[in-house]
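Let's take a friendly walk through this model together. Have the sequence and the coordinates open as you read.

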Amino acid sequence: MQDDFFQRVYEVVERIPWGKVTSYGAIARYLGTARSSRMVGWALSNLRHSEGYIPAHRVLNRNGQLSGKAAFGSDTLMQELLENEGMVVVNDQVVDFKGHFWDPVELDKEM
DNA sequence: TTTATGACTTTAA
DNA sequence: ATTAAAGCCATAA
């Protein structure tokens, strides 16, 4: 294993605070590959091959849309997970996305 | 090595 | 405002 791009994505996603969500672009930017937003989602699609639990349901597109809900087995599972964390999902979209948004860059602030 | 794909993003019409 | 097309990077085949 080298410096897996995927591994970095997993680390960031695992650090997403409870009840918070972020976007692929934000993660990609944090990893230094601002234009590989697709890779972030792609990495998450591969997370099934990885071990450990990754709260991938907290990663949405920049619209707050549940783009990857289909990968959770059930199209409603992701939505339920988010609602279970105290947010409201309407039409596959998180209400007050900005309010629940969390940027991984805040990790550097704390450190 | 080259081609195809993807849980995105941005820009243009 | 909504819809369509192109751009971009990393991995798999």
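The buried residues of helix α4 pack against two strands, β3 (89-90) and β4 (93-94). In this predicted model, α4 spans residues 77-84, and its buried residues are Met78, Gln79 and Leu82. These three cover an arc of only 100° around the axis, so they sit on the same side of α4. That fits a general rule: an α-helix has 3.6 residues a turn, so residues three or four places apart point the same way. After α4 comes glycine 86, which has a positive phi, near 95°.

Now to another pair of elements. Two packed helices are described by the angle between their axes and the distance between the axes. How do the axes of α2 and α3 cross, and within what distance do they come? Helix α2 covers residues 24-31 and helix α3 covers residues 37-46; their axes come within 8 Å and cross at roughly 105°. Because angles of 65 to 115 degrees count as roughly perpendicular, α2 is roughly perpendicular to α3. On the α2 side, the contact is made by Tyr24, Gly25, Ile27 and Ala28, which meet Ser37, Met39, Val40 and Gly41 of α3. By type, the residues of this contact are 5 nonpolar and 3 polar, with no charged ones.

Helix α2 also holds arginine 29. Is arginine 29 buried or exposed? With 18 other C-beta atoms within 10 Å, arginine 29 counts as partly exposed, because a residue is buried only at 20 or more such atoms and exposed at 12 or fewer. Its C-alpha atom is 9.7 Å from that of aspartate 103, although the two residues are 74 residues apart along the chain.

The model also includes DNA, so here are the surfaces near its strands.

| Surface | Nonpolar | Polar | Charged |
|---|---|---|---|
| Near DNA strand B | 8 residues | 8 residues | 2 residues |
| Near DNA strand C | 2 residues | 2 residues | 2 residues |

DNA strand B is surrounded by 18 residues, and the closest are Gly25, Gly41, Ala56, Asn61 and Gly68. Which helix gives the largest share of the surface near DNA strand B? That is α3, with 7 residues. Both α2 and α3 supply at least two residues of this surface. Gly25 and Gly41 also take part in the contact between α2 and α3.

Around DNA strand C lie Phe5, Thr33, Arg35, Ser36, Arg38 and Met39. Among them, Met39 is also one of the α3 residues that meet α2.

How values were computed
Residues numbered from 1 in each chain as written. Chains lettered and ligands numbered in written order. Predicted model: local features only at pLDDT ≥ 70, side-chain atom pairs only at ≥ 80, totals over all residues. Axes fitted to C-alpha atoms, helices over the stretch in contact; angles between N-to-C directions. Helix = DSSP H or I, 4+ residues; strand = E, 2+ residues; numbered from the N terminus. Parallel < 35°, antiparallel > 145°, perpendicular 65-115°, else oblique. Contact = placed C-beta atoms within 7 Å. Nonpolar A, V, L, I, M, F, W, Y, C, P; charged D, E, K, R; others polar. Near = placed C-beta within 6 Å. Arc of directions from axis to C-beta.
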